[in-house]
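Trainee: Please take one part of this model and examine it closely, then set it in the context of the whole.

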Amino acid sequence: MNKNIYSVSQVNTYIERMFADDFMLGNISVTGEVSNCKYNHTGHIYFTLKDENSAISCVMFAGKRPKGLKFAMKDGDAVVVNGYVGVYPQAGRYQVYANEISLAGMGDLYQKFEALKEKLEEQGMFSDIYKKPIPSHPMKIGIVTASTGAAVHDIIRVSKARNPYVQLILYPAQVQGQGAAPSIISGINALDEMNLDVIIVGRGGGSIEDLWAFNEEEVARAIFRCQTPVISAVGHETDFTIADFVADKRAATPSQAAEMANFVYEDFVREIDRYSDRLNRSLDSKFSAYTFRLETLASRLKSNSPKAKILAKEEQLNNLRTKFEYAMSRVLDKKINKLMLLSERLEGLSPAKKIAGGFGYITDSDGKKVDTIAGLEKGQTLVTRIKDGSFTSQVIEINQY
Amino acid sequence: MEEKTVEQSFKDLESIIQELEKEDVSLDDSFRLYKSGIEELRQLSTKIDETKKAVLALSTDGSLETFEEDENE
């Protein structure tokens, strides 16, 4: 017999402390089927979690609900409850105090996702070395998505806005539910055959179940095998799928995928114009450089041409001639002057001057000077020149002095 | 001529122009470079087929048909 006797409170408090100290019970996830689910008017939820053999009481307080419970939990749901196991001393009961409740299937999916991600990553399928670059100017773009809905609409709208001349080819795929994965795979394979520049694979936002096809291993492998660069575009910014990891490029949304895949046509035209300008400018400058060289050479050639030399010689000759003529004329002038002086002096000595004042110059008919009577004969003709003329006379008489 | 990608054409054009912009390129080479540059430009412009294209949908039998978006979606 045990000597010590404890009060009920003491026992419950002791157990409560034991539970609180326990590492495992402090943070535990329990899965089971919901039963006896009651929504208290204060907002707390009381329910029982059970499996085939056992049951445990659970409570989720109103304060935990906004973050911890994202669906309308009801009896029969298979759930995973995360929280701690504690004691309610007033009733001597232990129960699960839930922080978070999720549908059990989701937990499964998450685990599958993580397992596949790890497996493919280990196989190197996410490695950058396999990532093909997205061409800068795709002209033919394939799209694997549903033919209705926001995704295809956004891709077409954004693509056409950037490049109205792009050829879009849609493979209308089933992107959720049974058969989605094979449909997406055939889409990828069919478009890969078509020699396109890039393929966008994706869909709009949805629940994890809706997006699930993009977490299937076979879809991932089809993307990996695809020779054409693949842009994945699944759901919203926050959604990551296996397809995103294995694709050559991940777009946060279908619109963003269209932005990545399409170049802006106007930019392209501008770029071509810029190149055309540069090409013409560089040839122009080459031309003007050559023209300049040509002109320089031409003027050098000109200045060295024989014509210029001849001209120079001619000019030299002209100069010499001028000088010579000048010198000649000076000499001539001097001579003329001298001549004039001489002629003046000569004039002073002229016989004409001597025959002034009644003197005359007598010659015979042959022009021979007559200054003596010797040789004169009667009847001989003589010419006498005086100042203003001459006359002819005959010798009548001869007298000797 | 082998099908050249647009980026390859841009790259080639870039190197042609860089060559042309060099000081010591002869006039003959300039003409040759300019000619090939113009050819590259022409190819670039024709590479983009400037006709608006309808979105095509590939059906399971492999045929292509015009895809009309349902505006009510």
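**A strand pairing across two chains**

Mentor: Within strand β1 of chain B, Ala57(B) is the bridge partner of Leu170(A). The model is predicted: local features need pLDDT of at least 70 and side-chain atom pairs pLDDT 80 or more, while totals for chains, interfaces and linings use all residues. Residues are numbered from 1 along each chain as written, with chains lettered from A and ligands numbered from 1 in written order.

The pair Leu170(A)–Ala57(B) belongs to a short parallel arrangement, in which 2 bridges connect β7(A) with β1(B), residues 56–58. Two strands pair if DSSP finds at least two bridges between them; strands (E, at least two residues) and helices (H or I, at least four) are DSSP runs, numbered from the N terminus. Strands of a sheet pair through backbone hydrogen bonds, either parallel or antiparallel.

The wider interface comes next. On chain A, 30 residues are in contact with 31 residues of chain B, contact meaning C-beta atoms, placed from the backbone, within 7 Å. On the chain A side, two or more residues come from each of α5 (150–162), β7 (167–172), α6 and α10 (265–303). Helix α10(A) contributes the most to that side, with 10 residues. By class, the chain A side holds 19 nonpolar, 9 polar and 2 charged residues (Ala, Val, Leu, Ile, Met, Phe, Trp, Tyr, Cys and Pro are nonpolar, Asp, Glu, Lys and Arg charged, the others polar, Gly among them).

Chain B itself contains 2 helices and 2 strands; from its N terminus the order of elements is α-α-β-β. Of its 73 residues, 16% count as buried (buried: 20 or more other C-beta atoms within 10 Å of the residue's own; exposed: 12 or fewer; partly exposed: in between). Among the contacts in chain B with a separation of 6 or more, 34% link residues 24 or more positions apart. Chain A has 12 helices and 13 strands, and 25% of its 401 residues count as buried. For chain A, residues 24 or more positions apart supply 62% of the contacts with a separation of 6 or more.

Helix α6(A), one of the elements on the chain A side of the interface, also leads into the interior. The largest nonpolar core comprises 50 residues, and those with the most contacts inside it are Ile184(A), Ile200(A) and Ile223(A). Helix α6(A), residues 180–192, gives this core the most, 6 residues. A second, separate core has 14 residues, including Phe47(A), Met60(A), Val80(A) and Val81(A). Such a core is a set of buried Ala, Val, Leu, Ile, Met, Phe, Trp, Tyr and Cys joined through C-beta atoms within 7 Å.

The axes of α6(A) and helix α7(A), residues 217–225, come within 9 Å and cross at roughly 5°. Axes are lines fitted to C-alpha atoms, for helices over the stretch in contact, with angles from 0 to 180 degrees between N-to-C directions. From α6(A), the contact involves Ala181(A), Ile184(A), Ile185(A), Ile188(A) and Asn189(A), and from α7(A) it involves Glu218(A), Val219(A), Ala222(A) and Ile223(A). By class, this helix pair brings together 7 nonpolar, 1 polar and 1 charged residues.

Ile200(A) is a further part of the picture. Leaving aside residues up to four places away in sequence, Ile200(A) touches Ile141(A), Ile143(A), Ile155(A), Ile231(A), Ala233(A), Ala257(A), Ala258(A) and Ala261(A). Two of these, Ile231(A) and Ala233(A), point one way from β9(A), while Val230(A), Ser232(A) and Val234(A) point the other way, and all are buried. Because 5 of the 5 residues of β9(A), 230–234, are buried, this strand is largely enclosed by the rest of the structure. Strand β9(A) pairs in parallel with β8(A), residues 198–203, over 5 bridges; Arg203(A) has Val234(A) as its bridge partner in β9(A).

Chain A also forms a closed barrel of 5 strands, β1-β2-β3-β5-β4, with mixed pairing, and the twist from one strand to the next averages 55°. In it, β4(A), residues 78–88, and β5(A), residues 93–103, run antiparallel and share 10 bridges, with Gly86(A) opposite Gln95(A). Helix α1(A), residues 8–21, lies across β4(A) and β5(A), at about 135° to β4(A).

An open sheet of 3 strands in chain A follows the order β11-β12-β13 with antiparallel pairing. Its edge strands are β11(A), 361–364, and β13(A), 389–394, each pairing on one side only. Strand β12(A), residues 381–386, joins β13(A) over 6 antiparallel bridges, and Thr384(A) has Phe391(A) as its bridge partner there.

Definitions and conventions
Contact = placed C-beta atoms within 7 Å.
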